[in-house]
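The following paragraphs lead through a predicted model. The account begins at the DNA and then turns to the contact between the protein chains.

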2 protein chains.
Amino acid sequence: MNELTVKQQRVLAFIQRHIQGHGRPPTRAEIAQGLGFSSLNAAETHLRALARKGAIELTPGGARGIRLLAEASPEGGPAATAAGLPLIGRVAAGSPVLAEQNVEAHFEVDSALFRPAADYLLRVSGMSMRDAGILDGDLLVVHRTPEARNGQIVVARLGDEVTVKRFERSDRRVRLLPANPDFSPIEIRLDHDPLVIEGIAVGVIRNGRL
Amino acid sequence: MNELTVKQQRVLAFIQRHIQGHGRPPTRAEIAQGLGFSSLNAAETHLRALARKGAIELTPGGARGIRLLAEASPEGGPAATAAGLPLIGRVAAGSPVLAEQNVEAHFEVDSALFRPAADYLLRVSGMSMRDAGILDGDLLVVHRTPEARNGQIVVARLGDEVTVKRFERSDRRVRLLPANPDFSPIEIRLDHDPLVIEGIAVGVIRNGRL
DNA sequence: CTGAATACTGAATATATTTACACGCATGAA
DNA sequence: TTCATGCGTGTAAATATATTCAGTATTCAG
């Protein structure tokens, strides 16, 4: 499926060079000017042809929506630069925990350290789990899963609130237990109240105020 | 000139991830939406700040005219952190802490997570620092240095024993304070007793039994 | 010869994007 | 206090870009 015309190869090469040199894909106008076309449509049709042949991917409607597909850049690509684990700060009301807006940073952390696998870090606020050695400001290492067993420490969502507590289920009722006598357990009736388990704690990382 | 705000770092990280994931820099609108701003200008101001501080370069008038400058994204990750941090288990009598024989494993841990820099991990045994949130089996993240200030948690060596305690010095005397009323402080006279500070704690990692 | 694909010019239009302007709120320094 | 800076919300242009439409030529397989 990869039989690019000489012209098409030239256009493709131009796109590659442009990204290299400018850090972003070219516009139709830039392609036309760069290759000597006097009509934007010349560039457009070439792009369509390249997309059809699988050399690039076009994002409709967006500026500079050209993406190289076939192997061109070194290796690795998206997979190798895994970017580490996202650190979730405050969870904005109504947004999924892993939504971009909640991500404060990314950290490389060896996944071999945690079992089951670590999926993200959550900054803990409050002292309700103090006696479990989880303090205010600690980063909780979380494995993303909706299933929890009794006794596990979970990241739970109650409406717009995200909380870290020990999980205990009995029939139709779930209790979220703090590890600090100054706080009270939370009782949830699964029939009425909304409860979402966002994950289970598989570790803790503390990095300041020792 | 490189003193980025936490917010600015987040914006920068978002841009890096966007380029990684979409092959082109984000627009102001995409930044705003991704980070939860409801005004485009929030993104614009951050970009100006980042450009002023030399983190990025802006192309006036062009769509997605954002360019990363400082080295951050390329690879670096696994390669740069090469062998990762050595995990020290029990320290054999008479051997230096970092001696080969004491190294149990190596783990990749992002050095940006700790300050000052992390040099090795030490498996803590015992509950003498319980009230500081350091439990039995935890991995103490240690910065190697012979200097400690009052109040810091240190890795100290007394003869053949390696212990983790809070450091407090007064003139010719050093006291190593546990963070657990069930244990007693250790008093050392620098004139007579041998004391070596192997490093100061800069973090804690817990990976099991939550 | 004929239709299909490639390779364009030129023009028009609907969006996408940048960028300026007006304000609000908090914090820390002078 | 007042001033500067960081961090936002909101609105409104100006203009950068993508995309469609109408044509013209050339090449090539059927």
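In this predicted model, a base oxygen of DNA strand D lies 3.1 Å from an N or O atom in the side chain of B:Asn41. Phosphate oxygens of the strand are also approached: one is 2.9 Å from a polar side-chain atom of A:Arg28, and one is 2.9 Å from a polar backbone atom of B:Ser38.

In total, 23 residues surround DNA strand D, the closest being A:Gly61, A:Arg64, B:Thr5, B:Lys7 and B:Ser39. Of the atoms of DNA strand D that come within 4 Å of the protein, 73% belong to sugar and phosphate. The surface near the strand comprises 12 polar, six nonpolar and five charged residues. Helix H3 (40–52) of chain A, helix H1 (6–22) of chain B and helix H3 (40–52) of chain B each supply at least two residues to this surface; H3(A) provides the largest share, with four residues.

The second topic is the interface of the two protein chains. Chain A contributes 44 residues to the contact and chain B contributes 46. Together they bury about 3700 Å², of which 52% is on carbon and sulfur atoms. The rule finds 17 residue pairs in polar contact across this interface, both residues at pLDDT 80 or more, but zero salt bridges. On the side of chain A that touches chain B, E11(A) gives the most, with six residues. That side has 19 nonpolar, 16 polar and nine charged residues.

E11(A) also pairs with strand E11 (residues 196–206) of chain B, in the antiparallel sense and over three bridges. Within this pairing, A:Ile205 stands opposite B:Ile205 in E11(B).

How values were computed:
Residues are numbered from 1 along each chain as its sequence is written. Chains are lettered from A and ligands numbered from 1 in the order in which they are written. This is a predicted model: local features need pLDDT of at least 70, side-chain atom pairs count only at pLDDT 80 or more; totals for chains, interfaces and linings use all residues. Side-chain values use heavy atoms; hydrogens and water are left out. A residue is near a molecule or strand if one of its heavy atoms lies within 4 Å of it. A polar contact is a pair of N or O atoms within 3.5 Å; within protein, one must be able to donate a hydrogen and the other to accept it, and residues adjacent in sequence count only if both atoms are side-chain atoms. Ala, Val, Leu, Ile, Met, Phe, Trp, Tyr, Cys and Pro count as nonpolar, Asp, Glu, Lys and Arg as charged, and the others, Gly among them, as polar. Contact means heavy atoms within 4.5 Å. Buried area is the accessible area (1.4 Å probe) that two parts lose on being put together, summed over both. A salt bridge is a side-chain nitrogen of Lys or Arg within 4 Å of a carboxyl oxygen of Asp or Glu. Two strands pair if DSSP finds at least two bridges between them.
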